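Hello,

Here is the structure I promised to pass on. Please open it alongside this email; my notes follow below.

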Amino acid sequence: TLTHQACLMAEASPTLGTARAMPRRPRLTFDSTLGYPGEGPIRVATYNINGTKGGKLAAVLSQARKAKVDILLLQELHAYEDGSHLRAHRTAAMLGWLWFAAPGELGDPASGVAVAIREASERITARNETLEVMLKGRCVSIKLNIDDIQYRIVTVYLSAQPGPRGRQIAELDKKLATLDTTPIIIGGDLNCVENSTHDSRRMGDTPYSNAHGEKWKALARKHR
């Protein structure tokens with residue numbers, strides 16, 4: 001920030017015995033946490049949309065665009081390879097989003113995840129995203145450049161049931177172990193937490209069994 005105090009300072013002149021006024025020099029300060037002009041934190045949001053029909057997807061994408069979210073991670077699309085996944089793609093494109101999705105499976109009605117990138121984002125400088133489905137209908141990742149640095153963006157939706165959730169964490173752990181060293185940003189609806197006392201909905205446990213929360217904690221620390 002630039003601060004210029006308008007007051008004048010008097011400087012004595014030994015030769016003339018008078019005082020002359022001169023402006024105070026501007027004081028320059030810089031807060032590095034605010035970034036340079038035009039910069040700021042990149043905005044990544046995650047949301048369990050619980051279905052894309054009835055204008056819900058359009059409403060969520062419009063709100064995220066208004067909030068200038070750069071990357072939006074979505075879970076529970078309920079968009080399957082019966083044509084509904086194509087409608088979701090068209091809706092995203094009309095509203096200014098690049099859409100990368102793993103369609104849900106009809107036998108897994110809660111499935112379907114996506115990564116949406118706001119096309120007008122100035123922070124994502126390369127458009128060479130590579131889609132990879134890591135868990136069918138449950139986890140998808142893409143590589144992209146943020147401020148010319150490559151990242152892997154992952155969205156995941158883990159089962160609400162303890163058995164399938166444990167198997168999904170184990171499978172995802174194996175998949176992540178095969179990847180390169182690209183930094184990872186991962187988000188989603190995990191249906192388990194590292195510390196269930198931090199759950200905002202109720203104390204002591206999540207509405208579902210918190211089984212495998214420790215496994216997820218270990219996975220997150222291992223691959224960060």
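Start with helix α4, residues 213–223: its buried residues are Gly213, Trp216, Leu219 and His223. These four lie on the same side of α4, because they cover an arc of only 120 degrees around the axis. Glu214 and Lys222 are on the other side of α4, and both are exposed. Bear in mind that this is a predicted model.

What does the buried side of α4 pack against? The buried residues of α4 pack against three elements: β11 (149–157), α3 (162–177) and β12 (184–189).

Those three elements also belong together. β11, α3 and β12 make a β-α-β unit, and the unit is right-handed. Its strands, β11 and β12, run parallel and are joined by six bridges. To find the pairing on screen, go to threonine 155: its bridge partner is glycine 187, in β12.

One further site deserves a look: arginine 118. You will find arginine 118 in strand β8, which spans residues 113–118. Is arginine 118 buried or exposed? The relative accessible area of arginine 118 is 10%. Buried means under 20%, so arginine 118 counts as buried. Its side chain has a polar contact to the protein backbone: the side chain of arginine 118 reaches the backbone oxygen of valine 69 at 2.9 Å.

For a quick tour, begin at Trp216, one of the buried residues of α4. Move on to β11 and β12, which run parallel. Finish at arginine 118 in β8.

Best wishes

Terms used: Residues numbered from 1 in each chain as written. Predicted model: local features only at pLDDT ≥ 70, side-chain atom pairs only at ≥ 80, totals over all residues. Heavy atoms only, no water. Buried < 20%, exposed > 50% of the residue type's maximum accessible area, 1.4 Å probe, protein only. Helix = DSSP H or I, 4+ residues; strand = E, 2+ residues; numbered from the N terminus. Arc of directions from axis to C-beta. Contact = heavy atoms within 4.5 Å. Polar contact = N/O pair within 3.5 Å; in protein donor to acceptor, adjacent residues only side chain to side chain. Pairing = 2+ DSSP bridges. Right-handed = clockwise from strand over helix to strand, strands pointing away.
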